[in-house]
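Trainee: Could we go through this model together? I'd like to hear the reasoning behind each label.

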Amino acid sequence: MENQKILILNFGGQYDQLIARRVRECNVYCEVRPYTMTIGEIQEFNPIGIIFTGGPDSVYKEDSYRPAMGIFELGIPILGICYGCQLLAHYLGGSVTAAKEENVREYGKTLTFYDTSSLLFDGLAEEGISWMSHGDYMEKVPEGFQLTAHSERCPNVAICHEERKLYGVQFHPEVNHTENGIAMIHNFLYKICGAAGDWTMEDYMYRCIEEIRSKVGSGQVLLALSGGVDSSVCAALFAEAVGSKLTCVFVDHGLLRKREGDEVEDAFKKWDINLIRINAEKRFLGKLAGITDPEEKRKIIGEEFIRVFEEEGKKIGKTDFLAQGTIYPDVIESGKGNAETIKSHHNVGGLPDFVDFKEIIEPLRLLFKDEVRELGRQLGLPEYMVMRQPFPGPGLAIRVIGEITEEKLDILREADCIFREEIAKAKLDTQMNQYFAVLTNMKSVGVMGDGRTYDWAVALRSVTTEDFMTADWSRIPYDVLDRISSRIVNEVSHVNRVLYDITSKPPSTVEFE
Ligand code: XMP
């Protein structure tokens, strides 16, 4: 049976994915689509409710983004957020103008007062902070609508027409700064749209397995396994669905973290699949010898990856299906024509171009990262695998500054492992988005016992971030840093100094190279 669906019409706002994640967190399935969707397409999609996102436009401008006219007459509940709210006001007989006075233009945290007799705010506190970001002002409320929220400075913050099930809010309920924001979305879904809460990962998993089984039939499936969350969950899904018809190619380029290659193998032992691990450390290190430029390292590794796959692909011959772990944020971004993201999700080395196959299957293409992790758990993948932090394709090659040698890689692996162990012990691992050790190419003087040492300096890097475009350095408590530092200098030979990176991005980057 099909899930109930919410349609999120995107008007160019920056929070479209966040809204979608919130809806799914409430156990209701949703998809983000462009605002240009026609009435026919909307009817075919058959949503139980529609959410208009915010957007940078002004509704009163001649060529501003507008939904298909007639959308308000479909009888489907609508929640308009920010620009989406102004669309309701503008097209249903109210008016929206540029806010000239300070009292109606609002940005940031704003104390807001709600009419809790409106279903949208039913059962919630009568006042709370909301997150505003609007330069336009709903001057006249459309006929038949009532005002359901105001702030200290702005009288028109939320409107509704309960009978027609049309709701608009000037603020952003989807961001964490809005108190009870999720509860408002929950009210919209359950009390207004009549959602049943039928979106669960367990159901999705069973349905997905069935679909994969019937599609693959007696065919063969090939998957490039990197050990990252997406490709691992994708592999587990196919393993569960078609078992021995799945071949996974896992290239160990020798630039992985301590025990990582074995962990990947171990995680898949419980399935009867054909896992080919190619130990190509010598080959990669050979190519990287003497190379110090970061971009050149990346290029060499990328090319070598393709070469290894190409050789393996030739051995395997023609396959029926290629499985890929593309996830929903990549799909949404690709739809916007964002070239950066398209490039990065082909990170595995452009495999499709080098393997002979009939069709690609991407079973995760409608899932967000946290849903992919949950699916992994349902499939029985170990926690270390589903919660794995992002790890760059070129691996430790861009964390050994300058020339890469086996000895340097071993030093880095030990130091990095201690760092990760201590962070996990201090239960800080869920608070930081990426943390790792780097082997600087600096040697410095130290003293050990009675002797002078001249050894490597290890740098620790840890960041908190939402999107990796900007990041802040993590405030790791001093006592934890102290333990990490003393363990590293005591347990890892040839390291006599530990540094902690306290720069944010920008101006730094997350990685050192
Ligand atoms: P930067 O260093 O650019 O890192 O601030 C942002 C995020 O991207 C990851 N990263 C990479 N991932 N191949 C990858 O697959 C790369 O060459 C690469 N360089 C950086 C980095 O780990 C961080 O999560």
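Mentor: Sure, starting with a definition: a salt bridge is a side-chain nitrogen of Lys or Arg within 4 Å of a carboxyl oxygen of Asp or Glu. Keep in mind that this is a predicted model, where local features need pLDDT of at least 70, side-chain atom pairs count only at pLDDT 80 or more, and totals for chains, interfaces and linings use all residues. Residues are numbered from 1 along each chain as its sequence is written, and side-chain values use heavy atoms, with hydrogens and water left out.

Trainee: Why do glutamate 295 and arginine 298 count as a salt bridge?

Mentor: Their side chains come to 3.0 Å, N to O, and the cut-off is within 4 Å, so the pair qualifies. Both sit in helix α9 (residues 294-316), 3 residues apart, which means about one helical turn separates them. Helices here are DSSP runs of H or I with at least four residues, strands are runs of E with at least two, and both are numbered from the N terminus.

Trainee: What makes glutamate 295 partly exposed?

Mentor: Buried means under 20% relative accessible area, exposed means over 50%, and partly exposed is in between (1.4 Å probe, protein chains only). Glutamate 295 has 49%, so it is partly exposed. Arginine 298, with 27%, is partly exposed too.

Trainee: And why is arginine 475 called exposed?

Mentor: Its relative accessible area is 54%, and exposed means over 50%, so the label fits. Its salt-bridge partner, aspartate 472, lies 3.1 Å away, N to O. Aspartate 472 is at 33%, so that one counts as partly exposed.

Trainee: What parts does the pair of lysine 191 and aspartate 122 tie together?

Mentor: Lysine 191 lies in helix α4 (residues 181-192) and aspartate 122 in the loop between β6 (106-114) and β7 (127-134), so the bridge ties together parts 69 residues apart in sequence. The N to O distance is 3.1 Å.

Trainee: How many salt bridges are there by this rule?

Mentor: The count comes to 38.

Trainee: Why are α5 and α12 called roughly perpendicular?

Mentor: Angles under 35 degrees count as roughly parallel, over 145 as roughly antiparallel, 65 to 115 as roughly perpendicular and the rest as oblique. Axes are lines fitted to C-alpha atoms, for helices over the stretch in contact, and angles run from 0 to 180 degrees between N-to-C directions. Helix α5 (residues 201-216) and helix α12 (residues 369-378) pack at about 75 degrees, with axes 9 Å apart. Therefore the two are roughly perpendicular.
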